[in-house]
Amino acid sequence: PETQLHLASASELLRHMPADLFFTSMAARLNGPKAEGKSMTLNFVFTDLGETHVVTLENSVLHHNRREPDPGASATVRLTRDFLVRLVTGQAGLREMIFSDQLGVDGSRLDLLSFFSLLDRPEGNFPIVTP
């Protein structure tokens with residue numbers, strides 16, 4: 001129950017965060033050892049925001065830019081910010097990623113799954129100010 005409350009708090013925070021900051025928070029949760037040796041580029045097209053963000057993983061670092069989709073990306077994902085929050089927090093899993101009509105993927109769904117597996121879930125219980 002307490003974990004669900006923390007996850008709900010983290011989800012609510014992520015839903016109201018500007019997309020740029022959302023991707024910055026994802027970069028902070030990248031599991032560096034898991035990401036070692038992997039590289040990929042993904043386009044995230046937000047159907048509700050009218051924004052596209054290009055996310056690049058290389059050298060165990062996640063970079064993001066709001067710009068036109070990268071034609072060389074391994075996948076272009078069309079979704080709402082709410083659905084991305086649900087994916088990142090684990091509230092939507094593999095089944096939703098494959099079968100949901102809220103998610104459109106051109107390219108490799110496998111790379112998309114691999115990308116999400118490299119992110120640590122938000123705890124939702126973190127100190128805002130530490131002594």
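Colleague: A polar contact is a pair of N or O atoms within 3.5 Å; within protein, one must be able to donate a hydrogen and the other to accept it. Which residue's side chain does E51 join that way?

Modeller: H53. Bear in mind that this is a predicted model. The side chains of E51 and H53 are joined by a polar contact of 2.8 Å.

Colleague: Where does E51 sit?

Modeller: In strand β2, residues 51-58.

Colleague: Is E51 buried or exposed?

Modeller: Buried. Its relative accessibility is 15%, and buried means under 20%.

Colleague: What is E51 in contact with, leaving aside neighbours within four places in sequence?

Modeller: A19, F44, V45, F46 and R66. F44 has its own list, with the same neighbours left out. That list includes E51, T52, H53 and V55 from the β2 stretch, and also F23, L84, F115 and F116.

Colleague: You mention V55. Why does it count as buried?

Modeller: V55 has a relative accessible area of 2%, so it counts as buried. It lies in strand β2. Beyond four places in sequence, V55 is in contact with residues including F23, M40, L42, F44, L62 and F115. P69 is 14 residues away along the chain, and the two C-alpha atoms are separated by 9.8 Å.

Colleague: Zooming out. How many helices and strands?

Modeller: 6 helices and 5 strands. Along the sequence the pattern is α-α-α-β-β-β-β-α-α-β-α.

Colleague: What share of the residues is buried?

Modeller: 40% of the 131 residues. The protein exposes about 7500 Å², with 52% of that from carbon and sulfur atoms. As for contacts between residues at least 6 apart in sequence, 66% join residues at least 24 apart.

Colleague: What about the largest nonpolar core?

Modeller: It has 32 residues. M26, F44, L84, F115 and F116 have the most contacts inside it. Elements that each supply at least two residues include α2 (19-28), β1 (40-46), β2, α4 and α6 (109-117).

Colleague: Which element gives the most?

Modeller: Helix α4, with 5 residues.

Colleague: Why is α4 called largely enclosed?

Modeller: Because 6 of its 8 residues, 81-88, are buried. They are R81, F83, L84, V85, L87 and V88.

Colleague: R81 is on that list. What follows the helix?

Modeller: G90 comes just after α4, with a positive phi of about 85 degrees.

Colleague: Which residues take a positive phi without being glycine?

Modeller: N59, at about 55 degrees, is one of them. S60 is another, at about 60 degrees. Most residues other than glycine have a negative phi.

Colleague: Where are N59 and S60?

Modeller: N59 lies in the loop between β2 and β3 (61-66). S60 is found in that loop too.

Colleague: Why do they get different burial labels?

Modeller: N59 has 70% relative accessibility, so it counts as exposed. S60 has a relative accessible area of 24%, so it is partly exposed. The cut-offs are under 20% for buried and over 50% for exposed.

Colleague: Last topic, the surface. Which residues make the nonpolar patch?

Modeller: L94, I98 and F99, covering about 330 Å². L94 is in helix α5, residues 94-99.

Colleague: How accessible is L94?

Modeller: Its relative accessible area is 48%, so L94 is partly exposed.

Technical notes
Residues are numbered from 1 along each chain as its sequence is written. This is a predicted model: local features need pLDDT of at least 70, side-chain atom pairs count only at pLDDT 80 or more; totals for chains, interfaces and linings use all residues. Side-chain values use heavy atoms; hydrogens and water are left out. Patches are made of residues with over 30% relative accessible area and no salt bridge: like charges are joined within 9 Å, nonpolar side chains (Val, Leu, Ile, Met, Phe, Trp, Tyr) within 5 Å. Accessible areas come from the Shrake-Rupley method with a 1.4 Å probe; for residues, only the protein chains shown count as cover. A salt bridge is a side-chain nitrogen of Lys or Arg within 4 Å of a carboxyl oxygen of Asp or Glu. Helices (H or I, at least four residues) and strands (E, at least two) are DSSP runs, numbered from the N terminus. Buried means under 20% relative accessible area, exposed over 50%, partly exposed in between (1.4 Å probe, protein chains only). Contact means heavy atoms within 4.5 Å. A nonpolar core is a set of buried Ala, Val, Leu, Ile, Met, Phe, Trp, Tyr and Cys residues joined through side-chain atoms within 4.5 Å.
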